[in-house]
Amino acid sequence: GRKILAFAEVDPTSEAEVQLATWMFGGLLAGFMLPKSIQNLSKRSLWDVVEDDGGLWGGHAIDFTASNKTRDKAITWGHVQRITNAFRRKYCDELFAIVSPNWISKAGLSPSGFDMVTLLKDLAALRDT
């Protein structure tokens, strides 16, 4: 019943942007063109780039929940999936930080200290220019 207030595109090839946006916004929404090489992997298998990926399987949306220097964690198909950064850089074709009221306290701040009120004022100012 809650609506997304805003979203911002994140460069899936930039480790700094992905890590910062994940921390600031509590997660990211990612669009992947998945390779066939992951079709028969177990739920606990790490998604990584392989030499022969079998070609593309198709598009899939994934909820990113964490990112560090080597791996990402995401929720997909009902479980936590570990994904290498190399896999994200190769197969992620869109990545968005979502500004949601679910991540913001009554004081207007996220757990990371992100200030929603200031963001919304800044976005309104950008629209007016």
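Helices and strands are here DSSP runs, numbered from the N terminus; a helix has at least four residues and a strand at least two. On that basis Gly108 falls in the loop between β6 and α3. The model is a predicted one.

The protein chain holds three helices and six strands. From the N terminus, their order is β-α-β-β-β-β-α-β-α. The C-alpha trace spans about 50 × 30 × 30 Å along its principal axes. Of the 129 residues, 36% count as buried. Among contacts with a separation of 6 or more, 60% join residues 24 or more positions apart. The exposed surface of the protein chain is about 8,000 Å². Carbon and sulfur atoms supply 55% of that surface. The protein chain carries 15 positive and 15 negative charges. Their mean positions lie 9 Å apart.

The largest nonpolar core contains 25 residues. Val10, Leu28, Phe32, Trp47, Phe64, Phe87 and Leu95 touch the most other members. Elements that give two or more residues to this core are α1 (15-25), β2 (28-35), β3 (56-67), α2 (85-91), β6 (92-99) and α3 (116-128). Trp47 has a long list of partners even with residues up to four places away in sequence left out. Among them are Leu34, Ile38, Leu41 and Ile62. Trp47 also touches Thr76, Trp77, Gln81, Arg82, Ile83, Thr84 and Phe87.

Aromatic pairs were then searched for across the whole structure, and seven were found. Phe7 and Phe96 form one that is edge-to-face. Their ring centres are 5.6 Å apart, with 80 degrees between the planes. Phe7 lies in strand β1 and Phe96 in strand β6, so the pair ties together parts that are 89 residues apart in sequence. Phe7 counts as exposed because its relative accessibility is 57%, and the cut-off for exposed is over 50%.

Phe87 and Tyr91 form a tilted pair. Here the centres are 4.7 Å apart and the planes meet at 45 degrees. Both residues lie in helix α2. They are four residues apart, about one turn of the helix. Phe87 has a relative accessible area of 0% and is therefore buried. Tyr91, at 5% relative accessibility, is buried as well. Ring pairs also build a cluster from Phe32, Trp47, Trp57, Phe64, Trp77, Phe87 and Tyr91. Of these cluster members, Phe32, Trp47, Phe64 and Phe87 also appear among the core residues that touch the most other members.

Trp77 belongs to this aromatic cluster and is among the contacts of Trp47. Trp77 lies in the loop between β4 (71-76) and β5 (79-84). Its backbone stands out: phi is positive, about 50 degrees, although Trp77 is not a glycine. Most residues other than glycine have a negative phi. The relative accessible area of Trp77 is 47%, so the residue counts as partly exposed.

Leu5 lies in the segment before β1 (6-9). With a relative accessible area of 43%, Leu5 is partly exposed. Beyond its neighbours within four places in sequence, Leu5 is in contact with Val99, Pro101 and Met116. The C-alpha atoms of Leu5 and Asp115 are separated by 13 Å, while the two residues are 110 apart along the chain. Leu120 lies in helix α3. The C-alpha atoms of Leu120 and Leu5 are separated by 8.5 Å, across 115 residues of chain. Leu120 counts as partly exposed, at 33% relative accessibility.

Gly108, in the loop between β6 and α3, has a relative accessibility of 10%. That value is under the 20% cut-off, so Gly108 counts as buried. Leaving aside neighbours within four places in sequence, Gly108 is in contact with Phe114, Asp115, Met116 and Val117. Met116 is thus listed as a contact of Gly108 and of Leu5. Gly108 and Gly55 are 53 residues apart in sequence. Their C-alpha atoms are 45 Å apart in space.

Note on methods:
Residues are numbered from 1 along each chain as its sequence is written. This is a predicted model: local features need pLDDT of at least 70, side-chain atom pairs count only at pLDDT 80 or more; totals for chains, interfaces and linings use all residues. Side-chain values use heavy atoms; hydrogens and water are left out. A nonpolar core is a set of buried Ala, Val, Leu, Ile, Met, Phe, Trp, Tyr and Cys residues joined through side-chain atoms within 4.5 Å. Buried means under 20% relative accessible area, exposed over 50%, partly exposed in between (1.4 Å probe, protein chains only). Contact means heavy atoms within 4.5 Å. Accessible areas come from the Shrake-Rupley method with a 1.4 Å probe; for residues, only the protein chains shown count as cover. Lys and Arg count as positive and Asp and Glu as negative; His and the chain ends are not counted. The place of a charge is taken as NZ of Lys, CZ of Arg, CG of Asp or CD of Glu. Rings of Phe, Tyr and Trp (its six-membered ring) pair if their centres lie within 6.5 Å; planes under 30 degrees apart count as stacked, over 60 as edge-to-face and the rest as tilted.
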